[in-house]
Each structure stands twice: as structure tokens, then as C-alpha cells.
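Hi,

Here is the structure I said I'd pass along. Have a look at it first, and my notes on the pockets and cavities come after.

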Amino acid sequence: MTLEDLRVFVAVCRAGSLSAVARELDRTQSAVSQHVKRLEREAGVSLLERRPRGVVPTHAGRVLCDAASDSIAGLDLAMRRLGDLVNGDSGSVRVTTGGTTVRHFMSEAIFAFRQRYPKVSLEFRTETSSRNCFDALTAGNLDLAWVTIDGPVRGIEQRPVVALPWVLAVRADDPLADQPCVHPAEFGDISLIRLPQNSSSGARLDAAFAELGVRTSSDTSVADWDTALLLAELGLGHAVVPVLPGWEVPGDGPLRLVPVPDLPPLPVGWAVRRWDALTPLAREFADTVARSCTERAADTRPE
């Protein structure tokens with residue numbers, strides 16, 4: 001049994017496919033299969049169950065995958081910390097988050113961090129949901145994940161940074177545009193632009209509507225908040241979105257953001273494997289982003 005055997009096995013369990021891992025690692029499927037077979041010989045049990053559309057870990061496979069994931073993550077982190085000790089202030093910080101998060105939450109913090117640590121490498125891995133960010137965090141040698149905070153996740157520590165109020169984005173000529181606020185009960189007569197169903201923010205919004213007994217209709221969906229705002233501005237529907245730190249809230253122009261005070265704010269922040277195991281550089285970056293977001297959120301108020 002080798003560390004590479006375990007790495008490949010964990011990758012296969014997460015992907016559910018030998019061929020997908022082979023493509024990712026630029027190897028043959030047979031070579032990937034040999035790693036798994038070596039582990040099965042060592043363990044004396046079957047670790048994968050072959051199915052028509054891929055593979056899934058057996059009970060024994062899940063036990064090994066969980067243990068291997070934790071161990072590999074710990075080893076990767078240890079090697080990173082050793083590298084930082086050797087390189088001083090020229091290490092790296094690796095972050096996973098959504099496609100538009102860096103611009104909305106981190107741009108000012110990145111500039112400030114770069115000014116203090118010009119030799120540090122900042123690396124960003126884009127994922128499409130908080131769940132995928134959690135998976136990437138536990139599977140790879142990543143330091144931090146910026147996510148929507150939505151309940152406990154095994155093996156992950158989460159720390160909220162800001163709570164974002166919700167607004168209804170409408171065109172300036174819409175009957176709701178001049179209201180001081182809008183209530184979800186009024187959404188039954190309008191078409192909403194949906195956030196992705198696999199996103200934590202979209203799921204939290206749907207759960208809030210359900211708890212309030214509000215049924216909404218939608219014939220348009222988008223992958224991110226920026227696109228939702230654009231479609232609302234073009235008159236293709238109304239969008240319920242969180243107010244992001246530093247947003248220039250429209251006062252003039254074609255778009256209005258009307259507060260929705262009945263919806264609970266959306267908490268966002270950092271997720272890590274273990275806070276006490278973060279490298280000093282990763283901790284400094286996380287703190288820099290948190291300070292920047294808190295200050296910018298305090299200056300952003302929907303009118």
C-alpha cells in the first residue's frame with residue numbers, strides 16, 4: 001500500500017468513475033484500477049462496487065476512504081507548513097470558492113494582502129456550490145473555502161463573517177420600485193429569476209419562502225447573482241438577491257433594489273479543515289478578507 005494508492009482511491013470514490021480519474025491524472029484506466037486492486041489485496045476485502053454508470057465504495061471502501069481523506073489532508077497540510085518554514089514569507093495560500101466571489105468579497109483584501117506579502121502565491125479554485133467547495137477542501141491541499149454557511153459539515157469548521165440582507169431587484173419603472181420595502185407575500189404575482197437549486201444560497205432562499213408559506217413562480221434561472229441582476233434590469237423578471245459588500249446600490253438608472261426584511265440574512269464566511277492547523281499566511285489572508293468584508297458591508301445599505 002502506498003500513499004499514491006490511497007490518493008487515487010480517494011479520487012475514484014469522489015468521482016464515482018475510474019475513467020474520469022484516469023483522464024484527470026492523464027493515465028490509463030488500467031493503471032488507476034491497479035491502485036485500487038493493490039489496496040483490495042492489502043485489505044483483503046472489496047473496496048469498490050462496479051455499477052453500470054461507474055463505481056461506488058463498499059462499506060469497507062467508505063471506511064478506508066474517510067480515513068485516507070483525513071490522513072492525506074493532514075499530510076498535505078504538514079508539508080505546506082514545512083514549506084512555509086523553509087520559505088519564510090514566500091509560501092502560498094490556496095482558496096476555493098464560487099466564480100464571482102473573489103470580485104465581490106475579496107478584491108480589496110487581496111490588494112492589501114499582496115502589499116504586505118508580495119512573494120506569497122495566491123491560488124484560487126472555482127467551484128459551483130458550497131458543497132463542492134467542502135468536497136474540494138477535504139479532498140485536496142487547499143487552505144480555505146469561502147462558502148454560504150448552512151449547517152454543520154463533517155470534518156469541516158465554519159466561521160461566519162457577514163450576514164447579507166436580501167433585496168428584490170426590479171426595473172425602475174416597476175410598480176414595486178418605489179416601495180420602502182417588499183414582503184414575500186407579494187411575490188406570488190410576479191415571476192422570480194431563480195438562483196441555482198444546487199447552491200446553498202438558493203436552497204436557503206427556497207427554505208425561507210417555504211417557512212413563510214410563500215409560493216413563487218419562475219421561468220428563468222441563472223448561475224450567479226450578477227446575471228440575476230442583469231436579467232432583472234433587462235425586464236426578464238424580478239430577482240431576490242443578497243446585498244453584497246461594497247455594492248453601489250442603485251439610486252438612479254434602470255435598476256432598483258428594494259429591501260425584503262422578512263427574509264433572514266444570508267450568512268457567508270470561511271470554512272477550513274481545522275482552524276488551529278492553518279498556516280500563518282492562510283490565517284492572515286482569512287483575517288484580512290474578514291476585516292474587509294465587515295467594513296464594506298457596514299457601508300452598504302439598500303435604499
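Below is what turned up, starting with the open pocket and then going to the enclosed spaces.

One thing to keep in mind: this is a predicted model.

**The largest pocket**

The largest pocket holds about 620 Å³ of space. Its lining runs to 21 residues, and the ones nearest its centre are Ala11, Arg14, Glu24, Arg125 and Ala139. If you sort that lining by class, you get nine nonpolar, eight charged and four polar residues.

Which helices build it? At least two lining residues come from each of α1 (3-15), α2 (18-25), α4 (59-87) and α6 (130-139). The top contributor is α1, with seven residues.

Where does the pocket sit relative to the domains? It lies between domain 1 (3-73) and domain 2 (90-161 + 268-300), because both of them give residues to its lining.

On the annotation side, the unreviewed UniProt entry puts a "domain: HTH lysR-type" feature at residues 1-58. In the model, that span is 62% helix and 14% strand, and its end C-alpha atoms are 18 Å apart.

**The cavities**

How many cavities of 30 Å³ or more are there? Searching the whole structure gives two.

The largest cavity encloses about 100 Å³. Three elements each put at least two residues into its lining: β8 (191-194), α7 (200-211) and β9 (217-221). The largest share, four residues, is from α7. Going through the lining in full, you'll find Leu192, Ile193, Arg194, Leu195, Gly202, Leu205, Asp206, Phe209, Thr216, Ser217, Ser218 and Val240. By class, that makes six nonpolar, four polar and two charged residues.

The second largest cavity comes in at about 50 Å³. Around it are Leu77, Leu142, Asp143, Val272, Arg273, Arg274, Ala277 and Leu278. This lining has five nonpolar and three charged residues, with no polar ones.

**If you only want the short version**

- Pocket: about 620 Å³, lying between domain 1 and domain 2, with α1 giving the most to the lining.
- Largest cavity: about 100 Å³, with the largest share of its lining from α7.
- Second largest cavity: about 50 Å³, with no polar residues in its lining.

Cheers

Methods: Residues are numbered from 1 along each chain as its sequence is written. This is a predicted model: local features need pLDDT of at least 70, side-chain atom pairs count only at pLDDT 80 or more; totals for chains, interfaces and linings use all residues. Side-chain values use heavy atoms; hydrogens and water are left out. UniProt positions are given in the numbering used here, feature names are shortened, and annotations may be inferred rather than shown by experiment. On a 1 Å grid over the protein atoms alone, a cavity is a set of points where a 1.4 Å probe fits but cannot get out, and a pocket is an open set with protein on both sides within 12 Å along at least five of seven lines; lining residues have an atom within 4 Å of a point. Grid points are joined across faces, edges and corners, and a volume is the space filled by probe spheres set on the points. Ala, Val, Leu, Ile, Met, Phe, Trp, Tyr, Cys and Pro count as nonpolar, Asp, Glu, Lys and Arg as charged, and the others, Gly among them, as polar. Domain bounds come from an automatic or database domain assignment.
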